[in-house]
Amino acid sequence: MNILILNRASLQRMRYQDWIAPEHKIVVLSTADIAQDDCHILAELAVEVEYFDNYIGNGNVERRALELNQTYQFERIIAVNEFDLMRAAKLREILGLPGQNVASAHAFRDKILMKDYAKAVDVVTPTFARVSDPLDVMAFVKANGLPVVIKPISGGGSVDTNIIHHQQDLNQFLTAGFGKYIDHSPDYLIESFVDGLMYHVDGFVANGEVILCWPSRYATTCHALKNGDFFASYMLDGAAELTQRLRQQTTKLLNAFPLPEFCTFHVEFFHTQSDQL
């Protein structure tokens, strides 16, 4: 089997040649950001690697994938980073390969769609809306009050996430704007701020079934990185009542999603002072 892997981490850590049986041919398309880290180990790797500048936005990644397919006729495409999910799904559909399709990838990347799936199975979500200009923001704040959170719909790692506590914060956000041009419609979500402890639940789906599902509590959050703080979490005790509640809510949520046959997942919950997830 010939396998294409879309990769954004050092191959010293992502040991694909150790995880995939040696009879399979592995081709890796990766970011030039880690090429220097990998240079001294490439000779020992049983993989073919190509690096790209501006990897996330570089359309030559897709072009090269299609070119390489003419040589290797890939049977699988693996994407291990959330920012590659849609890219991999589109390539699979073009090449007629199994795995997560575009509709499924969209559900796992679009935060509006995620919340729609959650609401459909009565998983509690904050009040939210899509925003495309400053007037949308002000209308939401007028209707729901402060504080609010504004973030990219397909973002990750709290990048470009703004927590608006006070009118002064809102004024500063509006000053910076969504982008360079006021008439450019951004892809942003606004939602009411949730005051609670933050948890994440991670696991693995195989043959369409959730076979691993375990919650952890954030010691800090991704947003803390913006202030120079550390980022960490710790796993919960298996016997704890909250562990069971988080696992049940996660399974309920995943069953509502268009799950691929095989995938990992990462779900985030707030646990409020009123004991609500």
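This is a short walk through the structure above, which is a predicted model.

Let's begin in the interior. The largest nonpolar core has 38 residues, and Leu4, Leu6, Leu29 and Leu246 are the ones that touch the most other members. Leucine 29 makes a good place to pause and look around. Leaving out residues up to four places away in sequence, leucine 29 touches Leu4, Ile5 and Leu6, along with Asn7, Glu50, Phe52, Tyr55, Val61, Arg64, Ala65 and Leu68. Two of the names on that list, Leu4 and Leu6, also appear among the core members with the most contacts.

Now let's turn to helix H4, which covers residues 85–95. Which part of the chain gives the most to the lining of the second largest pocket? Helix H4 does, with 4 residues. The pocket itself has a volume of about 150 Å³. Its lining is made of Ile56, Glu62, Phe83, Met86, Arg87, Lys90 and Leu91. Sorted by character, these lining residues are 4 nonpolar and 3 charged, with no polar ones.

One of the lining residues, methionine 86, sits in helix H4. Is methionine 86 buried, partly exposed or exposed? Its relative accessible area is 21%, so methionine 86 counts as partly exposed; the cut-off for buried is under 20%. Setting aside neighbours within four places in sequence, methionine 86 is in contact with Val102, Ala105 and His106. You can also compare positions along the chain with positions in space: methionine 86 and phenylalanine 257 are 171 residues apart along the chain, and their C-alpha atoms are separated by 16 Å.

Among those contacts of methionine 86 is Ala105, which leads us to helix H5, residues 102–109. Ala105 is one of the buried residues of H5, together with Ser104, Ala107, Phe108 and Arg109. What lies over these buried residues? The cover includes H4, H6 and helix H9 (241–256). At the start of H5, a side-chain oxygen of asparagine 101 comes to within 3.3 Å of the backbone nitrogen of alanine 103.

At the other end of H5 you meet aspartate 110, in the loop that leads to helix H6 (111–120). Aspartate 110 counts as buried because its relative accessibility is 9%. A polar atom of the aspartate 110 side chain lies 3.0 Å from the backbone nitrogen of leucine 113. Beyond its neighbours within four places in sequence, aspartate 110 is in contact with Arg130 and Ile153.

Next come a few spots where the backbone is worth a closer look. Most residues other than glycine have a negative phi, and most peptide bonds are trans. Asparagine 54 has a positive phi of about 50° although it is not a glycine. You can find asparagine 54 in the loop between strand E3 (48–52) and helix H3 (60–72), and its relative accessible area of 57% makes it exposed. Asparagine 207 also has a positive phi, of about 55°, and lies in the loop between strand E9 (196–206) and strand E10 (209–218). With a relative accessible area of 55%, asparagine 207 is exposed. For the peptide bond, look at leucine 146 and proline 147: the bond joining them is cis, with omega about 5°. Proline 147 is in the loop between helix H7 (134–144) and strand E6 (148–152).

Further along is threonine 220, in the loop between E10 and strand E11 (233–235). Why does threonine 220 count as buried? Its relative accessible area is 10%, and buried means under 20%. The side chain of threonine 220 reaches two backbone atoms: the oxygen of phenylalanine 230 at 2.5 Å and the nitrogen of alanine 232 at 3.4 Å. Apart from residues up to four places away in sequence, threonine 220 touches Asp229, Phe230, Phe231 and Ala232.

Our last stop is leucine 242 in helix H9, the helix that also helps cover the buried residues of H5. Leucine 242 counts as buried, at 17% relative accessibility. Not counting neighbours within four places in sequence, leucine 242 is in contact with Tyr199, His271 and Leu277. Its C-alpha atom is 9.7 Å from that of aspartate 275, a residue 33 places away in sequence.

Definitions and conventions: Residues are numbered from 1 along each chain as its sequence is written. This is a predicted model: local features need pLDDT of at least 70, side-chain atom pairs count only at pLDDT 80 or more; totals for chains, interfaces and linings use all residues. Side-chain values use heavy atoms; hydrogens and water are left out. A nonpolar core is a set of buried Ala, Val, Leu, Ile, Met, Phe, Trp, Tyr and Cys residues joined through side-chain atoms within 4.5 Å. Buried means under 20% relative accessible area, exposed over 50%, partly exposed in between (1.4 Å probe, protein chains only). Contact means heavy atoms within 4.5 Å. Helices (H or I, at least four residues) and strands (E, at least two) are DSSP runs, numbered from the N terminus. A polar contact is a pair of N or O atoms within 3.5 Å; within protein, one must be able to donate a hydrogen and the other to accept it, and residues adjacent in sequence count only if both atoms are side-chain atoms. On a 1 Å grid over the protein atoms alone, a cavity is a set of points where a 1.4 Å probe fits but cannot get out, and a pocket is an open set with protein on both sides within 12 Å along at least five of seven lines; lining residues have an atom within 4 Å of a point. Grid points are joined across faces, edges and corners, and a volume is the space filled by probe spheres set on the points. Ala, Val, Leu, Ile, Met, Phe, Trp, Tyr, Cys and Pro count as nonpolar, Asp, Glu, Lys and Arg as charged, and the others, Gly among them, as polar.
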